[in-house]
Amino acid sequence: MVELTSKTPCAELLPLEIGGVTLEEIDPGQMTILGPFADAKMSNVLEAAHGMALPVPGRSTGKEGARCIWFGRGQALLMGPVPDAKLAKHGAVVDQSDGWAVVTLNGEGADQVLARLMPLDLRPAQFKRGHTGRTQLGHMACSVTRLGSQSFMIAVFRSMAGTMVHELKTAMAGVASRR
């Protein structure tokens with residue numbers, strides 16, 4: 001009988017370190033799309049249950065282990081906790097946990113690595129800690145959130161995990177070669 005083994009999206013691909021920049025897969029916990037009927041009502045329930053409000057466009061709320069990021073018009077992504085059942089009264093609550101690969105890119109020059117792949121202004125004055133965006137990483141749709149001065153969280157569809165790692169590895173090597 002064949003024995004199946006569960007693997008993470010970036011299993012056997014990560015971690016990587018090139019030129020002082022590291023790329024690591026993270027376990028974001030449960031990932032749940034929230035599609036509020038009325039932002040204020042769902043936001044109040046989210047805050048009471050999980051200690052964070054719904055984010056405004058381009059921003060995130062919460063912290064490591066319990067984060068909510070803007071995920072597009074009328075959507076937020078709750079990462080970490082199992083969503084409180086009361087949230088379903090105020091909008092769509094859809095589990096997305098198995099559909100995404102999530103990594104962090106850290107280190108001096110991480111913003112330069114992403115600048116090679118994304119059409120976003122990632123300078124710290126424009127894209128500050130807690131800012132988030134839906135954009136392209138090379139040719140893939142992604143979400144990027146600044147976690148710190150040289151720290152970013154990136155999420156792509158699970159099926160694109162290998163391509164994401166390849167693109168980031170190539171960009172990391174390119175930035176490292178210029179130092």
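**Cysteines.** I looked up C68 first and found its sulfur 18 Å from the closest cysteine sulfur, that of C142, which is too far for a bond. This is a predicted model, and I read the distances with that in mind. For C142 I then found that the closest cysteine sulfur lies in C10, at 13 Å, again too far for a bond. Since a disulfide needs two cysteine sulfur atoms within 2.5 Å, I was not surprised to count zero disulfides in the structure. I also checked exposure: C68 is buried at a relative accessible area of 0%, and C142 is likewise buried at 0%.

**Nonpolar core.** The largest nonpolar core has 30 residues, and I noted L105, L114, L137, I154, M164 and L168 as those with the most contacts inside it. Among the elements that each supply at least two of its residues are β8 (100–106), β10 (140–148), β11 (151–157) and α3 (161–177), and α3 gives the most, with seven residues. I followed L168 further and, leaving aside neighbours within four places in sequence, found it in contact with L23, V103, L105, V113, L114, L117, L137 and I154.

**Sheet.** I traced an open sheet of five strands in the order β4-β5-β6-β3-β7, with antiparallel pairing. Its edge strands, β4 (60–63) and β7 (91–95), each pair on one side only, and the twist averages 20 degrees from one strand to the next. Between β3 (residues 30–36) and β6 (residues 75–80) I found five bridges, and there T32 has L78 as its bridge partner in β6. Helix α1 (residues 39–50) packs on this sheet, touching β3, β5 (66–72), β6 and β7, and its direction makes about 150 degrees with that of β3.

Methods: Residues numbered from 1 in each chain as written. Predicted model: local features only at pLDDT ≥ 70, side-chain atom pairs only at ≥ 80, totals over all residues. Heavy atoms only, no water. Buried < 20%, exposed > 50% of the residue type's maximum accessible area, 1.4 Å probe, protein only. Core = buried A, V, L, I, M, F, W, Y, C linked by side-chain atoms within 4.5 Å. Helix = DSSP H or I, 4+ residues; strand = E, 2+ residues; numbered from the N terminus. Contact = heavy atoms within 4.5 Å. Pairing = 2+ DSSP bridges. Axes fitted to C-alpha atoms, helices over the stretch in contact; angles between N-to-C directions.
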